[in-house]
Structures are given as structure tokens and as C-alpha cells.
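The exercises below are meant for a reader who is meeting this structure for the first time. Please look through the sequence and the model before working through each solution.

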Amino acid sequence: MDKFVIEGPTPLQGTIPISGSKNAALPLMAAAILGDSPTTITNIPKLRDIYTFNNVIRVTGCKVDFDEQAGTLVIDPKHLSHLEAPYELVRKMRASFYMLGALLGKFGKAKVSLPGGCAWGPRPVDLHLDGMREMGADITLDQGYVIAEAPEQLEGGTFTLEPSSVGATVNLVLASVLRAKKFTIKNAAREPDVVLLCKKLTEMGANIEGIGTKTLTIRGVDALEGISIRNASDRIETGTFMIAAAMHPQSDITLTNVDVDDLGNFPETFAKTGADMSINENTIHIKAPETITPVSAETEVYPGFPTDLQAQWSTMMTQADGTSSVTDTIYYDRFSYVPEVVRLGGEMDVKENTVHIEGKSPLKGASVMSTDLRASVSLVLAAMVAEGETDVLRIYHLDRGYEDLEEKLTNVGANIERVAQNQ
């Protein structure tokens with residue numbers, strides 16, 4: 001296992017290109033299985049989760065070609081015949097569970113392992129399974145696998161997601177566009193990843209009404225055709241680097257290849273910190289404030305404050321001039337980073353699903369580790385403003401979701417070295 005050795009504090013100055021979104025790419029990759037001809041997806045990041053899902057898809061018999069330099073992925077489902085997603089691959093990444101909806105939708109049969117992924121929060125797949133049952137599918141569990149079967153066409157019905165869920169919305173859309181006569185999803189997720197998926201499925205020939213709203217109505221069609229798709233830019237990477245730029249008073253950063261419309265209300269909340277922010281088409285320029293204004297936040301479904309920026313925001317608030325709090329209403333126990341930031345000198349206290357933060361805390365380098373993707377990057381942000389050397393352990397989490405992170409940050413002034421952990 002590698003680790004990062006980070007020397008701080010370092011201001012960030014220069015330009016960072018935003019990569020394609022992992023969270024948007026994975027549903028698009030699953031959708032490509034539904035076509036009767038190849039689908040080409042561009043702006044694909046080089047991430048561990050992408051490679052894992054490529055292998056999950058290859059197991060089914062699909063041909064998958066990934067041009068890493070160009071960021072182009074071609075998926076040809078012509079020879080898809082093995083209707084199973086095995087445990088040894090699905091356990092590595094929760095989004096592999098999208099194979100359930102895709103295989104059930106295309107063939108009326110699927111055998112998919114229960115998923116794995118980040119080790120935080122109870123994120124059960126009950127909503128996915130209950131929605132497919134409501135659609136008319138026969139769902140059973142057998143030795144850690146979900147077995148799904150459906151007759152040639154399902155009647156469909158109406159299913160309400162409580163709570164709203166991106167993963168469940170994606171899976172139910174994938175299952176219904178070819179398989180259900182008419183299926184309505186209420187309280188559907190409205191995140192950009194879901195909107196992009198539905199728009200591109202419509203271009204493939206699907207019949208989906210209500211895209212971008214809380215109610216999606218899907219009427220099954222006979223076939224879908226492969227198309228060319230540009231994947232969205234990563235809105236969470238964008239938010240992460242916006243936060244990184246605000247944390248050191250001498251930082252001055254320009255972010256390029258940004259899908260600004262996908263950021264929801266986040267820029268409005270970010271502006272309250274006092275950072276100087278200007279947005280021009282697909283570019284955002286951030287100049288750090290002399291003093292960060294404390295801004296409390298509460299996570300919400302899109303377009304509200306993203307849970308995937310909760311850890312980074314809380315870490316930034318340790319450098320604000322005063323007290324603040326951050327409440328996560330989506331995942332109540334997503335605070336594994338807090339004891340680690342405290343090790344660096346942050347004054348933070350978690351009560352239930354809220355972290356209370358006292359700033360400004362002088363941070364000092366230490367050895368830290370985390371258990372999930374966003375927690376890991378919050379420790380990198382803290383280390384870049386901490387005095388001295390910080391070792392960030394278990395950075396394989398970062399390789400799942402941030403493309404070329406150390407290279408991007410080093411190019412704008414950070415002092416980050418990746419080393420093998422036994423060195």
C-alpha cells in the first residue's frame with residue numbers, strides 16, 4: 001500500500017483541469033450494455049473504480065476497449081452472454097450493483113453479488129430490490145447473491161423511493177427501460193448523474209418522462225442503440241479543489257473543464273467563506289480570502305450541499321475564524337476523518353450526525369489514515385496547510401475517485417510524494 005508524504009504549509013497557485021466524473025461514468029457504462037450496438041463514452045477518468053467496472057462488464061462477454069490517453073471507452077455488448085457479476089469484483093465497488101438493473105433489463109435474468117465499497121454507513125440495497133419487485137420481477141437471495149428474473153415484459157407499476165437514492169434510481173431506470181410496460185419512480189434522485197443517464201438513454205431510444213424532476217415515468221421500448229456520449233466533469237472534484245484553494249491565504253487557482261451547472265447550490269454556499277470566486281462558462285477562478293468566514297452547512301439531496309463534500313468542508317472550517325458546524329442528513333456516520341484531523345490539531349467534536357468545529361486551529365503534521373474516499377482527501381487538504389510533514393495512509397481510497405491527485409496538486413505548488421508504505 002502506498003502513502004502520501006506531504007510537507008506543508010503550501011499555497012496553491014496555477015491551473016487544475018477537472019477530470020471526468022466517476023459517479024456519472026459508471027451508470028453510463030451500465031447503460032451501454034442495454035444497447036444493440038457499441039457505445040462510445042469520452043471524458044472517462046483513469047480511476048480504480050473505472051478499471052474495476054470495466055472488468056465486471058468484461059466478465060459478461062462484452063468487449064471493452066479503454067484508451068487511457070484519450071479518455072475514451074468503447075463498450076460493445078454484441079457477445080454478452082454471461083448474466084452474472086461475481087463477488088470478487090462487485091465487493092470492491094458498490095456501483096457494480098448497477099449490473100443487476102442492466103442485466104435484468106436486457107435479458108430478464110441476472111445474478112449479482114451483494115456490493116462492497118467504502119466502509120461507512122448502512123447503505124442497504126433494499127430500495128433497489130423492492131423497486132424491482134414492484135416492477136414485477138422475482139427477486140431472491142442465495143449465498144450472498146441477488147437472483148433476479150422477469151417474464152418477457154413486466155407490467156411495471158409505481159414505486160416511491162424513501163429516502164431518495166441515486167443508486168436505486170439508476171438501477172430501477174436501467175431495469176425498466178426495456179423490460180416494463182410502464183413504471184413510475186416517485187421521489188427519484190435529481191442529481192446530475194441521474195439526469196445525464198436518462199438523457200442519454202433517451203438518445204439511445206428509451207422513453208423516459210420527467211427527466212430532472214422527482215417523478216420519472218418509463219415506458220419500455222423494444223430495443224436501444226449504442227451512441228456516442230460525453231461524460232460529465234466531476235462536480236465533487238471541482239468542489240474539493242475549490243475548498244483546497246480557499247484554505248491557504250496565498251492560494252490563487254483556476255479550475256478548467258468544469259460543468260458549472262452541475263454544482264447546484266454549492267457555489268452560493270462557498271462564496272460565504274469570503275473567497276473571491278469568478279465563474280466563466282466552464283472555468284472557475286478562486287482566490288483565497290485573507291480570513292475564512294465560518295459557514296455552517298447541512299447536507300441535502302441535489303441541488304443542496306453534497307454529502308460528498310462534507311468532510312472537505314468541515315476540514316476547511318478548522319481554518320475559519322470562529323465556530324461552525326456541519327450536519328450530514330444523508331449518512332449519519334460519515335465522520336471517520338474527524339479523529340484524524342484532530343490528530344493534526346483540529347478542534348472538532350462529533351455529536352450524533354453533526355460535527356462542531358472551533359477555528360482557527362493551527363495544524364501540525366502527523367501520521368493519519370482514513371476508511372473512505374472523501375475522508376482521505378480531507379486529510380490531504382489538512383496536510384497541505386499543516387506545519388511540517390504529514391503521512392496520509394491508505395491512499396488507495398483516493399485512487400478510486402481522484403485522477404492524478406498528487407500530480408494535479410504538485411503542479412500548482414503542493415509538496416506531495418507518493419511512497420510505498422514499507423519504505
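**Exercise 1.** Does lysine 182 count as buried, partly exposed or exposed, and what is its relative accessibility?

Solution. The model is a predicted one, and the values used here are computed from it. Begin with the place of the residue: lysine 182 belongs to strand β11, which covers residues 180-186. Next, take the relative accessibility of lysine 182, which is 42%. Buried would require a value under 20%, and exposed a value over 50%. Because 42% relative accessibility falls in between, lysine 182 counts as partly exposed.

**Exercise 2.** Find which residues lysine 182 touches, not counting residues up to four places away in sequence.

Solution. With those sequence neighbours set aside, the residues that lysine 182 touches are Glu155, Gly156, Gly157, Thr217, Ile218 and Arg219. One of them, threonine 217, is 35 residues away from lysine 182 in sequence, while the C-alpha to C-alpha distance between the two is 7.0 Å.

**Exercise 3.** Describe how helix α5 and helix α6 pack, giving the angle, the separation of the axes and the handedness.

Solution. First, locate the helices: α5 is made of residues 126-135 and α6 of residues 166-176. Their axes are 9 Å apart, and the packing angle is about 30 degrees. Since angles under 35 degrees count as roughly parallel, α5 is therefore roughly parallel to α6. The crossing of the two helices is right-handed. On the α5 side, the residues in the contact are Leu127, His128, Gly131, Met132 and Met135, and these meet Gly167, Ala168, Asn171, Leu172, Ala175 and Ser176 in α6. Sorted by class, the contact of α5 with α6 holds 6 nonpolar and 5 polar residues, with no charged residues.

**Exercise 4.** Locate proline 9 and proline 303, and describe the peptide bonds that lead into them.

Solution. Take proline 9 to begin with, which sits in the loop between β1 (2-8) and β2 (13-17). The peptide bond running from glycine 8 to proline 9 is cis, with an omega near -5 degrees. Then turn to proline 303, whose loop lies between β18 (297-298) and α10 (310-317). There the bond from tyrosine 302 to proline 303 is cis, with omega near 15 degrees.

**Exercise 5.** Examine the phi values of asparagine 257 and aspartate 404, and then state how exposed each residue is.

Solution. Asparagine 257 is not a glycine, yet its phi is positive, near 60 degrees. The residue is part of the loop between β15 (252-256) and α9 (266-271), and its relative accessibility of 25% makes it partly exposed. Aspartate 404, which is not a glycine either, has a positive phi of about 50 degrees. Its place is the loop between α13 (396-401) and α14 (405-411), and at 32% relative accessibility aspartate 404 counts as partly exposed.

**Exercise 6.** How does the radius of gyration of the protein compare with the value that the globule rule gives?

Solution. As a starting point, note that the protein contains 14 helices and 24 strands. The radius of gyration is 22 Å, close to the 22 Å that the globule rule gives for 423 residues, so the protein is as compact as a globular protein of that length. The C-alpha trace spans about 65 × 45 × 40 Å along its principal axes, and 58% of the 423 residues count as buried. Finally, among contacts between residues at least 6 apart in sequence, 74% join residues at least 24 apart.

Key:
Residues numbered from 1 in each chain as written. Predicted model: local features only at pLDDT ≥ 70, side-chain atom pairs only at ≥ 80, totals over all residues. Heavy atoms only, no water. Axes fitted to C-alpha atoms, helices over the stretch in contact; angles between N-to-C directions. Helix = DSSP H or I, 4+ residues; strand = E, 2+ residues; numbered from the N terminus. Parallel < 35°, antiparallel > 145°, perpendicular 65-115°, else oblique. Left-handed = near helix turned anticlockwise from the far one by under 90°. Contact = heavy atoms within 4.5 Å. Nonpolar A, V, L, I, M, F, W, Y, C, P; charged D, E, K, R; others polar. Rg over C-alpha atoms; globule rule 2.2 N^0.38 Å. Buried < 20%, exposed > 50% of the residue type's maximum accessible area, 1.4 Å probe, protein only.
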